[in-house]
Structure formats: structure tokens, C-alpha cells
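Work through the exercises below with the model open. Try each task before you read its solution.

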Amino acid sequence: SERLGWGADAHLQAESSIYAFDTHQFYAKWLRDFQVQQCKETGNLPYITPRPGLEGYPCWSSAYPIITWYCYLYYGDKQLLAGHYDNLKKYVDYLESQSHYHIQPRDDSGDWTSSVVGVRGGPLLISTAFYYYSTRILADSAEVLGKSGDAKKYGKMAEDISAAFNRVFLRD
């Protein structure tokens, strides 16, 4: 299973790959795999692709918006960004529908990425951080694509997530 297309593994090393190699076509194909496997009803994304039927978690599934954005930033591929925009929007809307006062309700990766040693799945800081990042990417993508209403809506949502994150996870 370690040879599968794990989302977090991919987005963590994507900038290095883009810098060192011409990975544009590879990522364009991989992003299409995410697009095809997105749950039509909810908008959730898998955490591994290609591999149908898997539920995702923000720290893994956010590879889709992150790498889509990187392809725009580093390759200037506005067409790829436009081709995935509706799916990115559906994913962020799914995350919003699952959030509780802008905090993600679950995190299945705490044993790898938790800020509290030895606590699997908690706190929900990591999932909420990726929820924010995916929302910020969507707002920025909307701006690039001239969708000013969406840019404003998702920019505000990102601000609200950031405020909730600071209120819940950062204490004086």
C-alpha cells in the first residue's frame, strides 16, 4: 500500500518535484484521477488516488486543491485551474458542510501529524488547517479566474476559518 497515490505524501513533496522535474503532465493526469473519483453526492475526495470508494480527510485529500494550485503557480496553467474549479468548489463546500463553527470534526491522521504527542486523531488542528488552506486556494483561484463573487465569498469563509482556528487552538 505504500506505493499508492497517497494525497499527503504527494502534496508534501510536490514543490520539490515541480522544481526538479517537469511533472506538469504527471500531475495533470493525477488531478484528473481525483476529479473522477470525487463523490458526486457530497463532494468529498479520496485520500488515495487512483483508488475508488475511499473517504478522505482534509490533510490527505487537500492534495487535490494544493497541487492544482501549484500547477497554476509554477506552470502558469490557468486552463487546468479552470478545468478543476467546480470540483474544488464542491470539495470546499463539502468541508464547510462537515464543519462545526468552522472546525473540522474529525482527523484520522493524528498519530502522524497531531500537535499532541501520542494522541491519534486529535486535536482537530491539522484537519482544520487544511480546510483553511483549501478554502484560501479556492478563493485565490476564483480571483485568478475572474469569479469575483466566489472570490469574496470564499475569502470571507477563509477568514472565518482562520478566526475559529485561532480562537480554538491558540490560547493566551
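**Exercise 1.** Are Phe-34 and Tyr-64 buried or exposed?

*Solution.* This is a predicted model. The cut-off for buried is under 20% relative accessible area. Phe-34 falls in the buried class, and Tyr-64 does too.

**Exercise 2.** Describe the ring pairs that involve Phe-34, and place each ring in its helix.

*Solution.*

Step 1. Choose the descriptors. An aromatic ring pair is described by the distance of the centres and the angle of the planes.

Step 2. Count the pairs. There are 6 aromatic pairs in the structure. One of them joins Trp-30 and Phe-34, with 4.9 Å from centre to centre and 80 degrees between the planes. Angles over 60 degrees count as edge-to-face, and this pair of Trp-30 and Phe-34 is edge-to-face.

Step 3. Locate that pair. Trp-30 and Phe-34 both belong to helix α2. They sit 4 residues apart, about one turn of the helix. Both are buried.

Step 4. Turn to Phe-34 and Tyr-64. Their ring centres are 5.6 Å apart and their planes meet at 35 degrees, so this pair is tilted.

Step 5. Locate the second pair. Phe-34 is in helix α2 and Tyr-64 is in helix α4 (residues 63-75), so the pair ties together parts 30 residues apart in sequence.

Step 6. Combine the results. Ring pairs link Trp-30, Phe-34 and Tyr-64 into a cluster.

**Exercise 3.** Where does Asn-44 lie, and which residues is Asn-44 in contact with?

*Solution.*

Step 1. Find the element. Asn-44 is in the loop between α2 (24-37) and α3 (58-61).

Step 2. Check accessibility. Asn-44 counts as buried because its relative accessibility is 5%.

Step 3. List the contacts. Neighbours within four places in sequence are set aside. Asn-44 then contacts Gln-38, Cys-39, Glu-55, Gly-56, Tyr-91, Tyr-94 and Arg-106.

Step 4. Look for polar contacts. The side chains of Asn-44 and Tyr-94 are joined by one of 3.4 Å.

**Exercise 4.** What lines the largest cavity?

*Solution.*

Step 1. Recall the method. Rolling a probe the size of a water molecule over the atoms shows where empty space is left.

Step 2. Count and size. There is 1 cavity of 30 Å³ or more. The largest cavity holds about 50 Å³ of space.

Step 3. Name the lining. It consists of Asn-44, Gly-56, Tyr-57, Pro-58, Tyr-94, Leu-95, Gln-98, Gln-104, Pro-105 and Arg-106.

Step 4. Sort the lining. The residues divide into 5 nonpolar, 4 polar and 1 charged. Helix α5 (residues 78-98) gives the largest share, 3 residues.

Technical notes
Residues are numbered from 1 along each chain as its sequence is written. This is a predicted model: local features need pLDDT of at least 70, side-chain atom pairs count only at pLDDT 80 or more; totals for chains, interfaces and linings use all residues. Side-chain values use heavy atoms; hydrogens and water are left out. Helices (H or I, at least four residues) and strands (E, at least two) are DSSP runs, numbered from the N terminus. Buried means under 20% relative accessible area, exposed over 50%, partly exposed in between (1.4 Å probe, protein chains only). A polar contact is a pair of N or O atoms within 3.5 Å; within protein, one must be able to donate a hydrogen and the other to accept it, and residues adjacent in sequence count only if both atoms are side-chain atoms. Contact means heavy atoms within 4.5 Å. Rings of Phe, Tyr and Trp (its six-membered ring) pair if their centres lie within 6.5 Å; planes under 30 degrees apart count as stacked, over 60 as edge-to-face and the rest as tilted. On a 1 Å grid over the protein atoms alone, a cavity is a set of points where a 1.4 Å probe fits but cannot get out, and a pocket is an open set with protein on both sides within 12 Å along at least five of seven lines; lining residues have an atom within 4 Å of a point. Grid points are joined across faces, edges and corners, and a volume is the space filled by probe spheres set on the points. Ala, Val, Leu, Ile, Met, Phe, Trp, Tyr, Cys and Pro count as nonpolar, Asp, Glu, Lys and Arg as charged, and the others, Gly among them, as polar.
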